Amino acid sequence: MEPNSENSWTSFGAEVNLEKLQKVAAELILPGRFLLRPLSAALGFVTRLLAWVLGCSLVRRHFHLMLSGLVLFGPLLSFWVSKYSIFANGHHYLYRKFLRSTWGWTCILTGSFVALLSFSARRSVSLTLRHLSRIGLAGLLWWGCRRLLTLLEDAAGACYEPLAPAQDAQSSPAPGQPLLLLHEDQSKASCLKANMMWRGYEVSQETLVLCLCCLLLVEELSVFGLHLAQERRLHRSPSSPLGVLFLLCVVLLIIWMVLLLCLLAYFPAWPSQQLGGALGYLGWRGLYQGWYQLTPSQGSPGLPGEGLFTGTDSDKHSQ
């Protein structure tokens, strides 16, 4: 057989195989489309429902009251929860992966959501950076509170080490009181790292950052309903990445609420947790109810959604 005929048969076989692959792919894609359509519709419905709930004036105005009630009365749940629950273990996965990096998760997801929302609404880099600066200012506030609380805890506390058992026989301690040796000039971190005991006044930094992040998420996510309304009015479909980020932020908000409830119920510490929640509330109050209410000429980045939507929508949201 001649080489030309062999090449023609080879090319013909490749074309046939390609046509078969295209038919198989079309047969597989067709049922996939029917499955994706109801899934996409359900996802859109859930997104619109959550955007309406978070944008509702009742939620925005009274969420901090609900959070305050949770912090105040949450420790009462310790009388009913089981000490053998998986959440009673301080080394649980949720505590190790989320609680120790609460602000990091909040900053990444919320910052991405704010940046994408601002840029997709106005296509302005300067306006996007201005809205994104709210997250940076909140992070600066959290860093300052953490540093200040660490200094106060080191100044108001002391480090103790239990005495060796051989020394117990040479002394007569009071009943129920362990013998301790005081170690001065040690910080709380170094004391706990050396497996010694720290005693002193402290404020729960975990409760502080969880309350601050929950309040921040509700404020920033409350304007997503306005974005959906504007896209619907302009006959445009909402951005899929923005919708995914919104849902991820809502899931993060739920995780922070669950973690806060677990801390209060399984590891109650009165009044340390209540002081931490109060500081988180004051931080949110000073930023979103104080500084961010000012005009940009006064050095304020503005409230969420300011300058991104039409005046009618913004007025409805502020009421």
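## Long-range contacts, a disulfide and aromatic pairs

Among the contacts in the protein with a separation of 6 or more, 79% are accounted for by residues 24 or more positions apart. The model is predicted, and its 319 residues, of which 34% are buried, include 12 helices and three strands. The accessible surface comes to about 19,300 Å², with 65% of that area belonging to carbon and sulfur atoms.

Helix 4, residues 102-122, has 21 residues that should span 30 Å at 1.5 Å a residue, and this agrees with its end C-alpha atoms, which are 30 Å apart. The buried residues of this helix include Trp103, Leu109, Phe113, Val114 and Leu117, and what covers the buried residues of helix 4 includes helix 5 (125-156), helix 8 (205-221), helix 9 (224-233) and helix 10 (240-266). Just after helix 4, Arg123 takes a positive phi of about 55°.

Contacts between rings also connect this region to helix 10. The whole structure holds 11 aromatic pairs, two of which are set out here.

| Aromatic pair | Centre to centre | Angle between planes | Geometry |
|---|---|---|---|
| Phe98 and Trp256 | 6.2 Å | 75° | edge-to-face |
| Phe113 and Phe246 | 6.2 Å | 40° | tilted |

Phe98 lies in the loop between helix 3 (93-97) and helix 4, whereas Trp256 lies in helix 10, so their pair ties together parts that are 158 residues apart in sequence. Phe98 is buried, with a relative accessible area of 14%, and Trp256 is buried as well, with a relative accessible area of 0%. These two residues form one aromatic cluster with Trp105. In the tilted pair of Phe113 and Phe246, the ring planes stand at 40°, and the pair links Phe113 in helix 4 with Phe246 in helix 10, 133 residues apart. Both Phe113 and Phe246 are buried.

A covalent link is found elsewhere in the chain, since the structure holds one disulfide. It is formed by Cys159 and Cys191, whose sulfur atoms are 2.1 Å apart, and it joins distant parts of the chain, with Cys159 in strand 1 (residues 158-162) and Cys191 in helix 7 (residues 188-193), 32 residues apart. The torsion about the S-S bond of Cys159 and Cys191 is about 85°, so the disulfide is right-handed. Both of these cysteines, Cys159 and Cys191, are buried. Cys249 counts as buried at 0% relative accessibility, and Cys262 is buried with a relative accessible area of 8%.

Terms used
Residues numbered from 1 in each chain as written. Predicted model: local features only at pLDDT ≥ 70, side-chain atom pairs only at ≥ 80, totals over all residues. Heavy atoms only, no water. Disulfide = S-S within 2.5 Å. Helix = DSSP H or I, 4+ residues; strand = E, 2+ residues; numbered from the N terminus. Buried < 20%, exposed > 50% of the residue type's maximum accessible area, 1.4 Å probe, protein only. Expected span 1.5 Å × (residues − 1). Contact = heavy atoms within 4.5 Å. Areas by Shrake-Rupley, 256 points an atom, 1.4 Å probe, with all protein chains shown as cover. Phe/Tyr/Trp six-rings, centres within 6.5 Å; stacked < 30°, edge-to-face > 60°.
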